[in-house]
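User: Please teach me how to read helix packing, starting from scratch.

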Amino acid sequence: MSHNTFGHLFRVTTWGESHGPALGCVVDGCPPGIALTAEEVQVWLDQRRPGQGKFVTQRQEPDAVKILSGVFEDERTGGQVTTGTPISMMIENVDQRSRDYGEIATQFRPGHADYTYFAKYGVRDYRGGGRASARETASRVAAGAVARKILAGVTIRAAVVQIGPHAIDRDRFDWDQRTENPFWCPDAQMVSVWEEHLEKVRKAGSSTGAIVEVEALGVPAGWGAPVYGKLDAELAAALMSINASKGVEIGAGFASAAFSGEENADEMRMGNDGPIFLSNSAGGILGGISSGQPVVARVAFKPTSSILTLRRSLNEAGEEIDLRTKGRHDPCVGLRAVPVVEAMTACVLADAYLRHRGQTGGGAFTPGATTRS
C-alpha cells in the first residue's frame, strides 16, 4: 500500500492498523531545537481518546504515546528538544476485541471500505477496518501536536456546528463554550438538543452525521502558493483525507455561489497595523495564499457506517446477504473528529510556513512600507 505520507517539507507518515499491536507516525522535517515532550503530545491525544462518554465508542484505549526518536535531552538547557531528525512516535493498542468482526471476515459492510479495499488489494484486514479504521487518526493527532510547536503565534481551534439536522445559531456562537460540554458545541442552548438527538440515535443502534468548523488565528499573509500549492487546496485535501469526511468548504464555501460579486468581495481598509478586511468570505485565503485573516474551513462527516440495523450487501463469493455490524462504534464520528481536524490543519499550516520561509526567508510585503517586513 502506497500513499501513507503527506506534506512537503513537514512530512508525516502514519502506520499501523486498528487491531494491530500498535500504530504511530514518523514526522520528518521538524526544525531542530524545538522543545517537545511526550506529555505535550499526550494533551492532544487525550482529547481524541475513545471511551470518554456514552456518545462515543466504548473501546478503552489510553492512547499513551512514546517518542522513539528525533528528540534529545539537552543538559545545557535542561529540557528535551527536537534534533531535526525524523520524530517517530508509537501508540500501543491495548483493547482490541477482534472477535466482534469474525462474522464479517468474508462480508462487505455497506458504507465501509471493505469492498473497495478487497477490489484493489485482494486482501483486507477485516478487524475493525484495519488500516481504514478511524483509529489511524490518533497518529495524525500526534503529528499535529508537533506541528503546533512549530506554529508559534498561531491558534487553531475547532467546534461541531451541526449534528444531523440540528445546526447551531450563529448569533450564539461562543468559542469558549465548546470546551464546556462533551459535544464541542459553541452554542450552549444547542447542547440539550444534540444530547436528545444522539440518545435516540444511540439507542436505535444507528448513527448520524456532523459538520466541524475549524479556525486558525494568527496566520500571517503570504503562506501558500498561487498555482499548484494553493493553501486552500492543500487544506481541503488534508481534511478530506480524514475518515468519514465527505465535503470541505473554505470560508463562505458553497454559500458563496448564491452571493453577488459585491457580497462576496472582502473589502479592505487601512488600519494602524496594516490592512483591515471588512468581511471574510474567502476564509483567509486569496489566490491560494493566506491574507492574514483567520483561516476558516468546515468539514462534513457522514454518519458512522457501523450500525446495528440490518442492511443488504454481498460477500466475497458474490452472494447476496443481509448483515448488521457488531462492535463498539461512535454514533457520531464528528465528536471525536474535532481534534483530528485541528491536527490536520496544524500539519498543513506548519508545512506552508516552512515552505514560505524556505522561498522568501519568511518576509511578507506590508502595504505602506517600501520594503519587505
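**Helices against α7**

Analyst: Let's start with a contact, meaning heavy atoms within 4.5 Å: Leu231, Glu234, Leu235, Ala238 and Leu239 in α5 touch Val341, Met344, Thr345, Val348, Leu349, Ala352 and Arg355 in α7. Helices are DSSP runs (H or I, at least four residues), numbered from the N terminus. This is a predicted model, where local features need pLDDT of at least 70 and side-chain atom pairs 80 or more, while totals for chains, interfaces and linings use all residues. Residues count from 1 along each chain as its sequence is written, and side-chain values use heavy atoms, without hydrogens or water.

User: What kinds of residues make up the contact of α5 with α7?

Analyst: Nine are nonpolar, one is polar and two are charged. Here Ala, Val, Leu, Ile, Met, Phe, Trp, Tyr, Cys and Pro count as nonpolar, Asp, Glu, Lys and Arg as charged, and the others, Gly among them, as polar.

User: At what angle do α5 and α7 cross?

Analyst: Two packed helices are described by the angle between their axes and the distance between the axes. The axes are lines fitted to C-alpha atoms over the stretch in contact, with angles from 0 to 180 degrees between N-to-C directions. Helix α5 (residues 231-240) crosses α7 at roughly 145 degrees, and their axes come within 9 Å. That crossing is right-handed (the near helix is turned clockwise from the far one by less than a right angle; anticlockwise is left-handed).

User: Why is α3 called oblique to α7?

Analyst: They pack at about 45 degrees, axes 7 Å apart, so α3 is oblique to α7 (not under 35 degrees, roughly parallel; not over 145, roughly antiparallel; not 65 to 115, roughly perpendicular). The crossing of α3 past α7 is left-handed. Among the residues in contact are Thr137, Val141 and Ile150 of α3 and Pro339, Tyr353 and Leu354 of α7. By class, that contact has 13 nonpolar, two polar and three charged residues.

User: Which residues join α1 to α7?

Analyst: Trp44, Gln47 and Arg48 of α1 meet Arg336, Pro339, Val340 and Glu342 of α7. Their axes come within 7 Å, crossing at roughly 145 degrees.

User: Which residues line the largest cavity?

Analyst: A cavity is a set of points on a 1 Å grid where a 1.4 Å probe fits but cannot get out, and lining residues have an atom within 4 Å of a point. Here the lining includes Trp44, Val141, Arg148 and Ala343. Elements giving two or more residues are α1 (38-48), α3 (137-150) and α7 (334-360), and α3 gives the most, four.

Terms used:
On a 1 Å grid over the protein atoms alone, a cavity is a set of points where a 1.4 Å probe fits but cannot get out, and a pocket is an open set with protein on both sides within 12 Å along at least five of seven lines; lining residues have an atom within 4 Å of a point.
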